[in-house]
Amino acid sequence: MQWLKQCWERIRQLSGDDAYDRYLAHYAEQHADLPEAGPPLSRAAFFRQWQDQKWKGIKRCC
Amino acid sequence: MVKRVWGRAGWGGLALLGACALAQVAWARGETLNALWLITAAVCIYLIAYRFYAAWIAARVLTIDATRATPGERLNNGRDFMPTNRWVVFGHHFAAIAGPGPLVGPMLAAQFGYLPGTLWILIGAVLGGAVQDMVTLFFSTRRNGRSLGQMARDEIGAIGGTAALIGTFMIMIILIAVLGLVVVNAMKHSPWGTATVAATIPIAMLVGVYMRYLRPGRVLEASVLGVLLLLASVGLGGWVDHHPVLAPLFDHEGLPLAFCIIGYGFAAAVLPVWLLLAPRDYLSTFMKLGTVLLLAIAILLLRPQIHMPAVTPFIDGTGPIFGGKLFPFVFITIACGAISGFHALIASGTTPKLISSEGDIRMIGYGAMLLESFVAIMAMIAATVLEPGVYFAINSPAGVVGKEALDAVNTISGWGYEVTVAQMQHLADAMGESTLFARTGGAPSLAVGMASIFGSVFGEHLLALWYHFAIMFEAIFILTTLDAGTRVGRFMLQDMLGNLHPKLGATSYTPSVILTSALVVAGWGYFLYIGVIDPNGGVNILWPLFGIANQMLAAIALSVATGILVKSGRLQFAWITALPLTWLLAITSAAAYEKTFSDDIRVGFFAAANDLAHKLSAGLLPPEKAAVAPQLIFNQQLDAWLTLFFVAMLWIVVMDMLLMCWRSVRGKAVLPSSETAYVATRL
């Protein structure tokens, strides 16, 4: 059961399904305490940024 | 102690098993050979190479240090820099490097028989491709994920950097053209195939809208929806194929299809990524991983017999699919799957930013390439399980074996590979196609091979569905490469033009976006157009050109790596990259020489141009050929100069690297190492 759960976590991570959750975790850890930090991005706004950034460089090959 | 003895016995047994399997593959001269021998030999070689050679390189040559913080840890920004689980990085890296190349290359190279290609895939990957990927990944990780071009500039000099940049741009153009040609040839006069491929576009857009507006960021939900729709589209294509009104709408010659692809490529480069490119990429990644897994399972369950001889007479250079002798052309034809320079662009840049520990570099760099090599072996099996007569009938262009079915069958049977018109018609009917003669480019024969393997395991009556599933599977990630490649080409061009006029370099400035996208599309569109009107099938010209370009890029990557090894005082180990580099130099130079100066009109570009010019002036050409002859002549000459340009570029980089190494060994000043300082990991 534990193993299945871990597999599911990996699949979510691989596909980017949990990208927003990871962003929130990163934000809470690194930025939330800083005085100049605003609220974190919304799910939709984060996803937009994430996707646009992902396709800037060479991502696919022959 | 006991454990160690058992460990040694295990590896010894594995080595013995691998040697036996390889001997069986190499010396079996019976009627057929079971594909399981190929799989066994490959898996044993991969395991041994990974356990010993790759581990030795990691420990002794690169001295990988798991206590050192990676860029993902030090520069963690929660987005592109982020320490990530090794299996996830492996998945990302493999999905990025494995495209249509390892499927198409072995399919074409099977004209030499199964043995030459298989040996090159195994040896090339273990000693060349996987080493290149791992070493590049390591050096880029130590340099904050710098790209290959930047590393070449930083470590060797401006010449190497510029060559890498131009090389990358050119290879992209040729790659997209040849892949476009593969899709066009798969869709030609196939309403089923064309309708299915066309349906993937609105499906991708729907998934894109879903992920952006309906349920933002729910990638898995959207992907599952998309994959189900894609599977449905294969069935829908079958319905269209039998529809009296709709079928003719999707039944086209090559040229209109080529223009559709060109128009599509332009639209995809200009449209926002979320609408088409990103969702298509999710779908293609899922399809790719799923289908590769399914094929592996099917081959293991079926254990098919290989009907192709080990070596065919075409090693003398008279092969119908592409001209040229075994040496050097088998090494040029199979690039991806053995060694592919393109991988160095992925291994520098994207992947290093995700790695959480240097200890994962062997698994991700070396391991992912071994898996890609295994995909190439499976493609080789899919090609060679076909009866050789059928294989040649599908893959030989009409210009070589004749336009009429009877001519083609007689020519191919004359070579000793029996095939009949009735047999081909029966096969075409079973696959739901009107004809399978002269369906060049590799995709249709791969689809026939895959369909017959899947059909035997999962049900014969579904052959036509399996065939078009395979076509859809190939088309979807070829089109992803096409979209992504055009976009990258556009960014690179904008980057270069930005030096001339700053406004052209702004990636969000619409006139510049349209101008540069149009230029890139025109570049590959030209080669695609010529490839389609060329009576010899176009693959004969474009695939070797792509192979030479890709190997040139690999040689640049290996030069950078060799240079860094020598500079950092590891001269005694520099052979790990210098050895494959020397081999690449030999094959690329030999192939370039043959492609330029050979008298054989099917090999030499200048010879072909002169021959055509001579026939044209003597009035020997039929009117429809005479009309396109001037364009073909110009193209052959252009290709010759392009080949010379590639090989000149390659030698310049290698000379630049050797000069730098010589200065370094003599203790003279060289560019300082750009490796980042040691920081201990806290993960």
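Okay, let's start with a definition: when I say two residues are in contact, I mean they have heavy atoms within 4.5 Å of each other. With that in hand, take chain B: among its contacts between residues at least 6 apart in sequence, 83% join residues at least 24 apart. And before I go on, please keep in mind that this is a predicted model.

So, chain B itself. There are 683 residues here, and 60% of them are buried. The secondary structure comes to 27 helices and two strands. How does the radius of gyration of chain B sit against that of a compact globule? It agrees, because the rule puts a globule with 683 residues near 26 Å and chain B has 25 Å. If you like box dimensions, the C-alpha trace spans about 70 × 70 × 60 Å along its principal axes.

Now chain A. This one has three helices and zero strands, so to speak a plain α-α-α when you read along the sequence. Its radius of gyration is 15 Å, well over the 11 Å the globule rule gives for 62 residues, so chain A is more spread out than a compact globule. The C-alpha trace of chain A spans about 40 × 35 × 20 Å along its principal axes, and buried residues make up 34% of the chain.

Okay, how do the two meet? On the chain B side 53 residues are in contact with 32 residues of chain A. The area buried between them is about 3600 Å², with carbon and sulfur atoms giving 61% of that. Which residues of chain B lose the most area to chain A? Those are R79(B), R212(B) and L220(B), which together account for 18% of what that side buries.

On the polar side of things, five residue pairs are in polar contact between the chains, counting pairs with both residues at pLDDT 80 or more. The largest share of chain B's side, seven residues, comes from helix α4, residues 86-97. By type, the chain B residues touching chain A divide into 29 nonpolar, 18 polar and six charged. The rule finds one salt bridge across this interface: the side chains of R60(A) and D281(B) meet at 2.7 Å, N to O.

Over all chains there are 17 salt bridges, and a few are worth pulling up on screen. E358(B) and R142(B) pair at 2.7 Å, N to O. E358(B) is in the loop between α15 and α16, and R142(B) is in the loop between α6 and α7, so this pair ties together parts 216 residues apart in sequence. Are these two buried or exposed? Both E358(B) and R142(B) are buried.

Next along is R143(B), which meets E155(B) at 2.9 Å, N to O. R143(B) is in the loop between α6 and α7 and E155(B) is in helix α7, twelve residues apart. Both of these are buried too.

Then there's D154(B) with R146(B), at 2.4 Å, N to O. Here D154(B) counts as partly exposed, at 25% relative accessibility, and R146(B) is partly exposed as well, at 33%. Over in chain A, salt bridges that share partners join R12(A), D17(A), D21(A) and R43(A) into one network.

One last residue: T333(B), in helix α14, residues 326-333. At 4% relative accessibility T333(B) counts as buried, because the cut-off for buried is under 20%. Leaving aside neighbours within four places in sequence, T333(B) is in contact with G105(B), L108(B), A109(B), F322(B) and W543(B).

How values were computed:
Residues numbered from 1 in each chain as written. Chains lettered and ligands numbered in written order. Heavy atoms only, no water. Buried area = accessible area lost by both parts, 1.4 Å probe. Salt bridge = Lys/Arg side-chain N within 4 Å of Asp/Glu carboxyl O. Polar contact = N/O pair within 3.5 Å; in protein donor to acceptor, adjacent residues only side chain to side chain. Helix = DSSP H or I, 4+ residues; strand = E, 2+ residues; numbered from the N terminus. Nonpolar A, V, L, I, M, F, W, Y, C, P; charged D, E, K, R; others polar. Rg over C-alpha atoms; globule rule 2.2 N^0.38 Å. Buried < 20%, exposed > 50% of the residue type's maximum accessible area, 1.4 Å probe, protein only.
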